Amino acid sequence: MKFNGSDSYVATQDLMLAVNAAITLKRPLLVKGEPGTGKTMLAEEVARAIGMPLLQWHIKSTTKAQQGLYEYDAVSRLRDSQLADVSGSEKVKDIRNYIVRGTLWQAFTAEQPVALLIDEIDKADIEFPNDLLRELDRMEFYVYETRELIKARHRPVVFITSNNEKELPDAFLRRCFFHYIKFPDADTMKRIVDVHFPSLKKELLGAALKTFYDVRNLPGLKKKPSTSELLDWLKLLVAEDIPLEALHSKDEKVSVPPLVGALLKNEQDVTLFEKLVFMQRHNR
């Protein structure tokens with residue numbers, strides 16, 4: 001079971017090695033990188049390439065580790081007990097009817113091996129990763145309400161993504177294989193764009209990439225444009241039939257590109273970029 005890339009996801013050699021190392025070691029693959037560099041898509045493409053169903057658990061600031069295992073719906077049980085007739089009381093007596101299985105439970109009890117994505121783990125409370133240490137390590141957990149020990153039938157291939165919003169505990173990091181997705185260089189970016197826009201003219205792609213990296217390399221940006229934003233921008237350039245000349249500046253200096261709102265997402269960055277263009281034009 002090896003990942004060798006796919007026709008719809010450009011994976012570098014070191015990324016493929018990281019995926020296969022995590023599979024071999026049977027450890028979660030912790031993937032970090034800038035937002036928009038394809039961390040979530042990696043899990044989707046690996047699952048598709050190796051022929052596994054993918055279960056996804058998208059983490060929010062309010063998410064608790066227990067929700068990934070199970071939740072006991074006491075409110076529904078109380079309501080049913082108040083409304084139930086004689087025949088319905090049997091349902092209320094069995095607490096199992098009010099246990100809601102979480103994503104990890106579903107992954108552990110799946111009849112065939114699955115891939116599991118725990119997406120943006122750094123959004124949750126700092127204790128969240130520690131609360132999952134035992135479950136991810138031993139692939140089992142205990143249901144206190146029913147006094148059951150749930151063990152994984154098959155060890156899932158686990159992907160964990162992080163945008164580096166907060167540090168993860170050392171004990172958690174020790175149990176993962178780590179990989180940082182570097183921002184693609186121009187050659188890798190061309191391959192990525194070619195997957196999404198195979199018929200894009202080379203001249204337009206070259207000019208668009210130069211403009212994109214000029215914008216991205218501007219010092220002081222609050223949020224640098226990502227790969228996904230480049231793809232959105234190219235989609236707009238094609239849809240609006242923007243001419244190649246609009247992306248070229250006569251003096252090879254940075255100029256405000258058309259539809260810049262696809263690349264820069266806050267007023268500070270737009271203002272900073274416009275100031276740079278103004279200063280260059282007036283040689284200040």
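**Note on the predicted model: cavity, pocket, cores and rings**

1. The largest cavity is lined by V19, A22, I23, R27, L29, V157, V158 and F159. Two elements, α1 and β8, each give two or more residues to that lining. The space inside amounts to about 30 Å³. The model is a predicted one, and a search of the whole structure returns 1 cavity of 30 Å³ or more.

2. The largest pocket holds about 600 Å³ of space. Its lining comprises 31 residues, and those nearest the centre of the pocket are Y9, T37, G38, I181 and T227. At least two lining residues come from each of α1 (13–25), α2 (39–49), β9 (177–181), α10 (186–196) and α12 (227–239). Of these, α10 supplies the largest share, 4 residues. Helix α1 therefore appears in both linings, since it gives two or more residues to the largest cavity and at least two to the largest pocket, an element being a run assigned by DSSP.

3. H179 is part of strand β9, one of the elements that line the largest pocket. Is H179 buried or exposed? Its relative accessibility is 9%, so H179 counts as buried, the cut-off being under 20%. Beyond residues up to four places away in sequence, H179 touches D14, L15, A18, L29, L30, V31 and K32. Among these, L29 is also a lining residue of the largest cavity.

4. The largest nonpolar core contains 31 residues, and I118, F128, F141, I160 and F172 have the most contacts inside it. Two or more residues each are given by β2 (54–58), α3 (65–69), α6 (103–109), β5 (115–119), α8 (133–138), β6 (140–143) and β8 (157–162). The most, 4 residues, come from α6. A second core lies apart from this one; it has 23 residues, including F183, I192, L204 and L231. As background, nonpolar side chains tend to be buried together in soluble globular proteins.

5. Which residues does F141 contact beyond its neighbours within four places in sequence? They are L69, Y70, W105, F108, E135, E148, L149 and I150. Three of these partners, Y70, W105 and F108, form one aromatic cluster with F141. F141 is also among the residues with the most contacts inside the largest nonpolar core.

6. There are 9 aromatic pairs in the structure. One of them is edge-to-face and joins Y70 to W105, with 6.0 Å between the centres and 90° between the planes. This pair links distant parts of the chain, as Y70 is in strand β3 (residues 70–72) and W105 in helix α6, 35 residues apart. Y70 and W105 are both buried. F212 and Y213 make another edge-to-face pair, at 5.3 Å centre to centre with 80° between the planes. F212 is buried because its relative accessibility is 0%; Y213, at 15% relative accessible area, is therefore buried as well.

7. A charge sits over a ring at F183: the charged end of R216 is 3.4 Å from the ring centre. F183 is one of the residues of the 23-residue core.

8. L259 is located in the loop between α12 and α13 (267–281). With a relative accessibility of 34%, L259 counts as partly exposed. Leaving out neighbours within four places in sequence, the contacts of L259 are W233, L236, L237, E240 and I242. L259 is 152 residues from A107 in sequence, and the C-alpha atoms of the two are 43 Å apart.

9. Two residues other than glycine deserve a look for their backbone angles. N164 has a positive phi of about 65° and is found in the loop between β8 and α9 (170–174). Its relative accessible area of 39% makes N164 partly exposed. For D241, phi is positive too, near 55°. D241 is in the loop between α12 and α13, the loop in which L259 is found. How much of D241 is accessible? The relative accessible area of D241 is 64%, so D241 is exposed, the threshold being over 50%.

Note on methods. Residues are numbered from 1 along each chain as its sequence is written. This is a predicted model: local features need pLDDT of at least 70, side-chain atom pairs count only at pLDDT 80 or more; totals for chains, interfaces and linings use all residues. Side-chain values use heavy atoms; hydrogens and water are left out. A nonpolar core is a set of buried Ala, Val, Leu, Ile, Met, Phe, Trp, Tyr and Cys residues joined through side-chain atoms within 4.5 Å. Buried means under 20% relative accessible area, exposed over 50%, partly exposed in between (1.4 Å probe, protein chains only). Contact means heavy atoms within 4.5 Å. Rings of Phe, Tyr and Trp (its six-membered ring) pair if their centres lie within 6.5 Å; planes under 30 degrees apart count as stacked, over 60 as edge-to-face and the rest as tilted. A charge sits over a ring if NZ of Lys or CZ of Arg is within 6 Å of the ring centre and within 35 degrees of the ring normal. On a 1 Å grid over the protein atoms alone, a cavity is a set of points where a 1.4 Å probe fits but cannot get out, and a pocket is an open set with protein on both sides within 12 Å along at least five of seven lines; lining residues have an atom within 4 Å of a point. Grid points are joined across faces, edges and corners, and a volume is the space filled by probe spheres set on the points.
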